[in-house]
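Me: I would like a close look at a single part of this model. Please take one residue as the starting point and work outwards from there.

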Amino acid sequence: MKVIQAPDTYECINEISCFMAGGIVNTEWHTRFLNELDKLNATDLVIYNPYNENITSNFSQIQWEFNYLNSCDIF
């Protein structure tokens, strides 16, 4: 499993992609979700995580989310 966090980029090739859509105010669900998925040892799974407390540009964040929302297999 690969976790790609905004604003990093990655192009899936022969992998299943999942966008972590959900609230970002209380992010402990992100950690629990990733920990549970990690137990599956899914080497062909790419997780796009939009949450990054260090992002300084709202515009780049929106662009990143739009790009991966439109290209992921699972939400």
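What relative accessible area does C12 have?

Reply: C12 has a relative accessible area of 25%, so it is classed as partly exposed. That class lies between buried, under 20% relative accessible area, and exposed, over 50%, with a 1.4 Å probe and protein chains only.

Two notes on the basis of these values come before the rest. The model is predicted, so local features are used only at pLDDT of at least 70 and side-chain atom pairs only at pLDDT 80 or more, while totals for chains, interfaces and linings take in all residues. Residues are numbered from 1 along each chain as its sequence is written, and side-chain values use heavy atoms, without hydrogens and water.

C12 sits in the loop between β1 and β2. Strands here are DSSP runs of E with at least two residues, helices are runs of H or I with at least four residues, and both are numbered from the N terminus. β1 covers 2-5 and β2 covers 16-19. Setting aside neighbours within four places in sequence, C12 contacts S17, V46 and Y48, where contact means heavy atoms within 4.5 Å. C12 also comes to 9.4 Å from S71, C-alpha to C-alpha, with their positions 59 residues apart in sequence.

Two other residues of this loop have backbone features to note. P7 lies in the loop, and the peptide bond leading to P7 from A6 is cis, with omega near 5°. N14 belongs to the loop as well and has a positive phi of about 60°, although N14 is not a glycine. N14 is exposed, at 77% relative accessibility. A positive phi outside glycine is also found at N41, near 50°. N41 is in the loop between α1 (28-38) and β3 (45-49) and is exposed too, with a relative accessible area of 62%.

V46, one of the contacts of C12, leads on to the strands. Beyond four places in sequence, V46 touches K2, I4, Y10, C12, E15, I16, S17 and C18. S17, another contact of C12, stands opposite V46 of β3. β2 and β3 pair in the parallel sense over four bridges; strands count as paired if DSSP finds at least two bridges between them. The bridge partner of C18 in β3 is I47. The chain passes from β2 through α1 to β3 in a right-handed β-α-β crossover, which means that, with the strands pointing away from the viewer, the path from the first strand over the helix to the second runs clockwise. β1 also pairs with β3 in the parallel sense, again over four bridges, and K2 has V46 in β3 as its bridge partner.

β3 is mostly covered, with five of its five residues buried. On one side these are L45, I47 and N49, and on the other V46 and Y48. V46 and Y48 belong to the largest nonpolar core, whose eight residues also include I4, A6, F19, W64, Y68 and C72. Such a core is a set of buried Ala, Val, Leu, Ile, Met, Phe, Trp, Tyr and Cys residues joined through side-chain atoms within 4.5 Å. β3 and α2 (58-69) each supply at least two residues of this core. A separate core of seven residues includes C18, L34, L37 and I47.

As for the whole chain, there are two helices and three strands, in the order β-β-α-β-α from the N terminus. Buried residues make up 29% of the 75 residues. The radius of gyration is 12 Å, in agreement with the value near 11 Å for a compact globule of 75 residues; the radius is taken over C-alpha atoms, and the globule rule is 2.2 Å times the number of residues to the power 0.38. The C-alpha trace spans about 35 × 30 × 15 Å along its principal axes. Of the contacts between residues at least 6 apart in sequence, 74% join residues at least 24 apart.
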